[in-house]
Amino acid sequence: MTNRTPLYEEHVADGGKLVDFAGWEMPINYGSQIDEHNNVRNDAGMFDVSHMTVVDLTGERTREFLRYLLANNVDRLKDSGKALYSCMLNEDGGVIDDLIVYFLSDDFFRMVVNAGTREKDIAWLEKQAPAFGVSVTERPELAMIAVQGPNARDKALPLLSDAVRPAAAGLKPFFGVFDGDWFIARTGYTGEDGFEIVLPADAAATFWQQLRAAGVRPTGLGARDTLRLEAGMNLYGSDMDESISPLEAALGWTVAWEPAERDFIGRTALERQREAGTTQKLVGLLLVDKGVLRNHQKVVTDGEADGEITSGSFSPTLQRAIAFARVPKSTGDTCQVDVRGKLLNARVVKPPFVRNGEAQIEL
Amino acid sequence: MSNVPVELKYAKTHEWARSNDDGSVTIGISDNAQDQLGDMVFIELPEVGQSVSAAEACAVVESVKAASDVYAPIAGEVLEVNEGLADSPESVNSDAYGEGWLFRLQPADAGEMAGLMDGDAYETFLASEAH
């Protein structure tokens with residue numbers, strides 16, 4: 001039994017090619033993934049991300065709870081509306097999920113977690129929250145639309161309520177603002193400017209139609225994946241999971257070690273790993289030879305062990321194959337990838353590959 | 001609705017084959033196949049002069065989504081490959097039966113063409129695969 005978002009009818013009307021994604025019937029593209037990708041880099045596209053899980057956390061000790069729950073430190077959130085990206089770890093330091101948490105008030109934080117991890121995330125939250133008297137409330141009655149691209153904000157702002165428009169227009173990156181049941185945040189997963197808008201399910205189709213009329217093009221999950229890969233953003237389940245720590249997933253920057261006395265789940269294991277030293281790292285690859293990099297291809301290095309591509313694709317912006325790969329720590333500037341039985345040459349590069357429409361690496 | 005020209009022959013693996021006046025046979029992938037695979041980004045073609053047997057994987061079409069083998073519908077020797085695809089693999093999407101052809105064969109046995117599906121049979125085959 002697959003789930004459908006409140007925008008299912010719109011996807012059908014827009015000619016979306018629907019596929020099963022984590023139990024949801026979602027559009028992979030509406031014709032051409034590459035055109036949709038380029039349109040987000042050059043103009044504005046919209047994504048239905050209603051399959052993602054919005055969870056509200058309430059209670060007097062919510063901040064204290066999150067300080068313990070997350071590897072990043074919610075004490076970095078001082079202004080209402082500010083968002084933080086973090087991993088939620090198990091006791092072994094493995095990543096249960098990566099998520100965005102918004103600070104709204106000291107007794108109210110909102111979290112957005114992945115669709116594919118919904119059940120285990122909720123179970124984990126419900127296991128940890130009672131000790132802090134925090135209530136965990138899923139919000140399945142809410143839809144979510146990401147509007148992304150250099151023209152995304154200009155095209156979306158006129159469609160917001162008069163009351164919220166000035167605040168929405170003035171949002172700094174990684175901030176959000178409420179408008180009744182609506183929540184407008186200047187966040188995204190594409191490496192472009194834009195909004196992620198949480199809104200009541202029964203308002204979603206109308207808003208989608210208004211965005212389309214304003215010239216915002218429906219964009220499928222296929223383009224969402226190539227956009228985030230170019231932007232150097234990890235995908236849960238591909239680039240990290242419960243067997244991988246943030247230190248092995250290029251997410252060390254999201255672990256707040258200070259203050260040292262802050263106890264968070266997974267801290268002890270991570271500290272042990274930091275002291276012993278990790279044996280592998282997640283890097284970016286740019287294929288020098290002709291071909292396409294794909295998930296799970298073997299990476300051959302000068303080092304003692306092989307690596308593996310965790311996310312690989314063709315980059316429409318760079319017109320080259322790019323990837324994230326987990327490789328031995330000793331890996332230098334070059335490697336080879338086993339592409340369908342042939343060893344092709346690749347360069348090891350530091351993501352992001354593309355930001356705000358511009359290549360960030362030398363080709 | 002897929003575009004299935006009636007004058008062509010088709011394999012169950014979604015290649016098409018066109019008999020040319022000089023006795024050679026041009027091979028490509030069907031419009032249905034390109035539509036399923038999505039935007040093409042890289043095409044690997046056989047070598048000119050290479051002998052291929054029927055149902056042998058002899059080319060690869062890579063879309064942004066996935067890599068997919070192309071099987072020779074009939075046996076023969078490769079006479080020519082579509083060099084233009086190196087720069088514009090998207091021709092396979094926009095014109096699967098024309099600009100997007102893959103390679104041309106000299107058939108080992110012209111009679112093998114009779115073993116392929118005609119347009120009607122391929123349409124029926126597509127309808128059955130959809131269920």
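**Close-up views of chains A and B**

**View 1. The end of helix α7 in chain A.** Immediately following α7(A), residue G215(A) adopts a positive phi of about 95°. The coordinates shown here and in the other views come from a predicted model. Helix α7 of chain A covers residues 201–213, and its end C-alpha atoms lie 19 Å apart. That agrees with the 18 Å expected of its 13 residues, because each residue should add 1.5 Å.

**View 2. The two faces of α7(A).** Four residues of α7(A) are buried: A204(A), F207(A), W208(A) and L211(A). They sit on the same side of α7(A), because the arc they cover around the axis is only 110°. On the face turned away from this buried side are the exposed residues D202(A), T206(A) and A213(A).

**View 3. Packing partners of α7(A).** The elements of chain A against which the buried residues of α7(A) pack include two helices, α1 (8–13) and α5 (152–156). The strands β3 (45–48), β9 (142–148) and β12 (194–200) of chain A also pack against these buried residues.

**View 4. Strand β17 of chain A and its partners.** Strand β17(A) spans residues 320–328, and eight of its nine residues are buried. Strand β14 (residues 280–287) of chain A runs antiparallel to β17(A), joined by seven bridges. In β17(A), V327(A) is the residue opposite K281(A). Strand β16 (residues 307–315) of chain A is also paired with β17(A) in the antiparallel sense, again over seven bridges. Here F314(A) faces A321(A) of β17(A).

**View 5. The hairpin of β16(A) and β17(A).** Four residues lie between the two strands of this hairpin. In the hairpin, Q319(A) has a positive phi near 60°.

**View 6. An open sheet in chain B.** The sheet has six strands with antiparallel pairing, in the order β1-β2-β3-β9-β8-β5. Its edge strands are β1 (9–10) and β5 (51–52) of chain B, each of which pairs on one side only. Within the sheet, β8 (residues 76–81) and β9 (residues 103–107) of chain B form an antiparallel pair with five bridges. Across this pair, E77(B) is opposite Q106(B) in β9(B).

**View 7. Chain A as the setting for views 1 to 5.** Chain A contains nine helices and 21 strands. Its radius of gyration is 20 Å, close to the 21 Å from the globule rule for 363 residues, so chain A is as compact as a globular protein of that length. The C-alpha trace of chain A spans about 60 × 50 × 40 Å along its principal axes. Of the 363 residues in chain A, 47% are buried.

Conventions: Residues are numbered from 1 along each chain as its sequence is written. Chains are lettered from A and ligands numbered from 1 in the order in which they are written. This is a predicted model: local features need pLDDT of at least 70, side-chain atom pairs count only at pLDDT 80 or more; totals for chains, interfaces and linings use all residues. The expected span of a helix is 1.5 Å times one less than its number of residues. A residue is buried if 20 or more other C-beta atoms lie within 10 Å of its own, exposed if 12 or fewer, and partly exposed in between; C-beta atoms are placed from the backbone. The arc is that of the directions from the helix axis to the C-beta atoms. Two residues are in contact if their C-beta atoms, placed from the backbone, lie within 7 Å. The radius of gyration is taken over C-alpha atoms; the globule rule is 2.2 Å times the number of residues to the power 0.38. Two strands pair if DSSP finds at least two bridges between them.
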